[in-house]
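Welcome! Have a look at the sequence and the 3D view, and then let's walk through them together.

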Amino acid sequence: MLKPKIAPSMLSSDFANLAMLKCGADWLHLDIMSLFTGNWGELVQRIKLKSMWPGVALKPGTNIEEVYPLLDGEDSVEMVLCMTVDPGFGGQKFMPEMMNKVHALRKKYPSLDIEVDGGLGPSTIDMAASAGANCIVAGSLVFGASDPAHVISLMRKSIENAQGVG
Ligand SMILES: O=C(CO)[C@@H](O)[C@H](O)COP(=O)(O)O
């Protein structure tokens, strides 16, 4: 089984109230958008040397084929984030057509951490989990909830169910 990882998106958070850290989240998700034009292999190596995990995010318009060289080579990333909205802000509508990418990735890389981000909620989480995502970023859902810990546990359950556990 792949460990479910639930990552509240800090874009939707109140920085003056980070009680979320005590609600059972595995990661905190922070968007930093920039254009990288350097040496990819060197960057990955430097991240790994610091005992951190390199990952890569795919915007909705990027084809899945573009990520394969970053997973198959020597300096491979350890997580792929399939954006399910265009990056920029929270509260957007989930793009179900992105599930083809998640599915293709899961088929080719059974033990890869695959993350989805954007528009995740009760009506979309199961779709993402059954396509093979084991890491979920959620902004409005978590930070808008009266009981964030409960929401986080439901998301975890959804991934476990999709994996046939629990
Ligand atoms: O990075 C982004 C958007 O760029 C996301 O992390 C959003 O913050 C997710 O928000 P919700 O769609 O869950 O409200």
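Which residues come nearest to the ligand? Of the 17 residues around the ligand (a heavy atom within 4 Å of it), they are Asp31, Gly88, Gly119, Gly139 and Ser140. Please keep in mind that this is a predicted model, where local features need pLDDT of at least 70, side-chain atom pairs count only at pLDDT 80 or more, and totals for chains, interfaces and linings use all residues. Residues are numbered from 1 along each chain as its sequence is written, and side-chain values use heavy atoms, with hydrogens and water left out.

**Around the ligand**

- The shell around the ligand is made up of five nonpolar, 10 polar and two charged residues; here Asp, Glu, Lys and Arg count as charged, Ala, Val, Leu, Ile, Met, Phe, Trp, Tyr, Cys and Pro as nonpolar, and the others, Gly among them, as polar.
- In the side chain of Asp31, an N or O atom is 2.7 Å from an oxygen atom of the ligand.
- For Asp117, a side-chain N or O atom is 2.8 Å from a ligand oxygen atom.
- Gly88 takes part through its backbone: a polar atom there is 2.6 Å from an oxygen atom of the ligand.
- Taken alone, the ligand exposes 380 Å² (Shrake-Rupley method, 1.4 Å probe), and the protein buries 99% of that.

**Cysteines**

- The structure has zero disulfides (pairs of cysteine sulfur atoms within 2.5 Å).
- Cys82 is in no disulfide, and its nearest cysteine sulfur, that of Cys135, is 11 Å away.
- Cys82 counts as buried (under 20% relative accessible area, 1.4 Å probe, protein chains only), because its relative accessibility is 1%.
- Cys135 is buried too, with a relative accessible area of 0%.

Terms used. A polar contact is a pair of N or O atoms within 3.5 Å; within protein, one must be able to donate a hydrogen and the other to accept it, and residues adjacent in sequence count only if both atoms are side-chain atoms. Buried means under 20% relative accessible area, exposed over 50%, partly exposed in between (1.4 Å probe, protein chains only).
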